[in-house]
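Let's walk through this model together, one helix at a time. Have the structure open and ready to rotate as you read.

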Amino acid sequence: MSYSLSHLKALEAESIHIIREVAAEFRNPVMLYSIGKDSSVMVRLAEKAFAPGKVPFPLMHIDSMWKFKEMVEFRDRYAKEHNWNLIVEYNKKAYEEGVGPFTHGSKVHTDLMKTQALLMALKKHGFDAAFGGARRDEEKSRAKERIFSFRNEFQQWDPKNQRPELWDIYNTRINAGESIRVFPLSNWTELDVWQYIRMENIPIVPLYYAKERPIVEIDGNLIMADDDRMPEELRRQAKMRMVRFRTLGCYPLTGAIDSEADTIEKIVEEMMTTTKSERTTRVIDFDQEGSMEQKKREGYF
Amino acid sequence: MALSIEEFLAQDEQKDLLRLLTAGSVDDGKSTLIGRLLFDSKRLYEDQLQALERDSKRVGNAGDNIDYALLCDGLKAEREQGITIDVAYRYFSTNRRKFIIADTPGHEQYTRNMITGGSTANLAIILVDARQGVVTQTCRHSYIVSLLGIRHLVLAVNKMDLVEFSQERFDAIVAEYKSWLKQQHIDIPDLQCIPLSALEGDNVVEKSSRTPWYDGQSLMDYLETVPIDQDINMRSMRFPVQYVLRPNLDFRGFAGKLASGVVKVGDEVMALPSGKRSRIKEIVTYDGNLDEAFAPQSVTLTLEDEIDLSRGEMLVHPNDRPMQGHHLRAMMVWMDEQPLDSSKAFYLKHTTNTTRAYITNVKYRVDINTGERVATEGMRLNEISEVCITTAAPLTFDRYADNRQTGAFVVIDPITNFTSAVGMIIAEDEAHAIASTIQVRLSEYGIAPEAWSIVEHFCEELRQRAGINIECIKE
């Protein structure tokens, strides 16, 4: 008899091993939850890793306060139905000062409401390990990051001085104040994620499926008028358009694509014939050359 | 699309996964080859192509052509230097298989990166420039491939377009390479030599009409069809306990990933190092219980008996046990800028077990350019040496040659926490095993008191002739 795992089962086994290793070796881990499709897969893998027991760490969502409404609804419903301990944190000070992408631009908003909010939350709870759903196929600088990625006491990543990572033996040793970011989906591709969602019947935010939505074209990006914080003069231009989202984030910074794909099968079909890569619908990547690497060095996921 | 999307997905779900390592010098076209594999398997999107064209003009080394190499050079600071300096992972798939490429640099000072990228690889591609033939670096990479226990190796003779696709030239390179392997006693179970032009695409995906004398497969065809299900050790069951699950008083499960072998419900198992025995009651997963599980599945095992078992211990079949002990010999690669300080009590992590360890002896260093053993002291970055190690807690291990999972370990600096070295176990350290004294209570072996003096005399002979210390307890 031949024993062979399909690539999805091999990736699943690898991810579960990574997740258990963190639970076994860290004092206070947390799973960062972005509500996106990758997070949904990661959360399911955590449930698998500890079945029939409960997952021994909480989920944490860093709320930029500008997420799509449907994302927040989905988050709260999923956490409740699956009995997760969900922590929601945001940058209270910046929020009260009215920081947002329309008034402060994407760079300031992302830094304060995502990067700084995350750093503050990690510090506040004293987490020593944080799972993230990033994949190496998403972006060039991520292709080089380790699965267990060391962060110094200032939460910074040094791409030149990464710990060698061999076989499936992960170095989890840190000193007080330091931490590790862990990426259990490192070796998954976008197609793997979609196939797994289909195979496992994993619930995802409906924004991924095509539907008529109120859309404003801003600098070539299709932005959804999700609430009335969008300036009046923009909102007035909104037209119903059949679109879907390939990635999810802050609604003013996440472009939709024209699409008729309202099932996973159609999404995969669209993906196979598409000519744009996933991150082109993320407005924040265009700020500066090598900008994702810059953000990662500063502590962004 | 000839298939419906449902048919495609059903087929795609069943593909297996091949992890491969590419190694080569800066100039022999490795990044170009990877770019070509990605390009020809349509893994490049329009915006990536646009960025590629833009970057090619700005910092590319391919004149007016697209510089595929830029696809693989990730980090900003490195891009300008024209070399990749760390391991980068690339993903692509074809109709038959999914692939993960670990792209590692060929530079001498970056041996550690090739070791890192290759540790999980099923297959390695080593590039040589058809004009240069086998160079020092080819030998170095081949040595590392064999050290890592990678079973499938492709010698990709690249830039055949620059030697007029000469069969003579190709044959000469292959002959030279094979004779070098033989001379070095390097045994690669599966070696394929392929004439290529990565730049022009010859024999990369399609067989080239410019090499009619070559009757082997194209590179892509070989990558898609090479059998890899025999690469994992399926003979010896090894289950390092990773995490103990106790959701309620009625359930006690041992979660872990099978390092090797197959385990079935009802199997008699032994816990090591304790030696306690039990049987497998259930193989639990989120998706329901299984009758059997095999490497590298992640599962949870429950046992018939309440035996004491925790993280770092291992379940095995009692009739197929690994080695155990405090002393081992290993090939070790030094990965740290700081040289070895043998007075340090390092952390040694092996499977799920971490213990303190001393590097007690560096026996020799391997000159990876020539394969020769050289007398040495200490260890420095990128050096590969045979060492003796003594651990505080006993390890349960196999030879790396028999088992890549239970034969490997990493060494962590106790102060910086950096991964200072990685090792591949050769054997128990017999010198130490023999030096320690074994106590034998003669009555327990059914030896009658009248024979005790004869046995004692025999043990004394053993000690003098073979250095085996057996202390006879006469009671």
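Start in chain B, with helix α7(B), where B:Phe170, B:Ile173, B:Tyr177 and B:Leu181 are buried. Please keep in mind throughout that this is a predicted model. If you look down the axis of α7(B), the buried residues fall within an arc of 70°, so they line one face of the helix. The general rule behind such a pattern is that an α-helix has 3.6 residues a turn, so residues three or four places apart point the same way.

What does that buried side pack against? The buried residues of α7(B) pack against two strands that come earlier in the numbering of chain B, β4 (123-129) and β5 (152-158), and also against helix α6 (136-147) and strand β6 (190-195) of that chain. Now turn to the other side of α7(B): here B:Glu168, B:Ala175, B:Ser179, B:Lys182 and B:Gln183 are exposed.

The length of this helix can be checked too. Helix α7 of chain B covers residues 167-183, and its 17 residues should span 24 Å at 1.5 Å a residue; the end C-alpha atoms are 24 Å apart, which agrees. Just after α7(B), look for B:His185, which takes a positive phi of about 60°.

Next, let's see where the two chains meet. Helix α6 of chain A (residues 190-200) and helix α1 of chain B (residues 5-13) have axes that come within 11 Å and cross at roughly 100°. With angles of 65 to 115 degrees counting as roughly perpendicular, α6(A) and α1(B) are therefore roughly perpendicular to each other. From α6(A), the residues A:Gln195, A:Arg198 and A:Met199 meet B:Leu9, B:Asp12 and B:Glu13 of α1(B). Sorted by class, this contact has two nonpolar, one polar and three charged residues.

Technical notes:
Residues numbered from 1 in each chain as written. Chains lettered and ligands numbered in written order. Predicted model: local features only at pLDDT ≥ 70, side-chain atom pairs only at ≥ 80, totals over all residues. Helix = DSSP H or I, 4+ residues; strand = E, 2+ residues; numbered from the N terminus. Expected span 1.5 Å × (residues − 1). Buried ≥ 20, exposed ≤ 12 C-beta atoms within 10 Å, placed from the backbone. Arc of directions from axis to C-beta. Contact = placed C-beta atoms within 7 Å. Axes fitted to C-alpha atoms, helices over the stretch in contact; angles between N-to-C directions. Parallel < 35°, antiparallel > 145°, perpendicular 65-115°, else oblique. Nonpolar A, V, L, I, M, F, W, Y, C, P; charged D, E, K, R; others polar.
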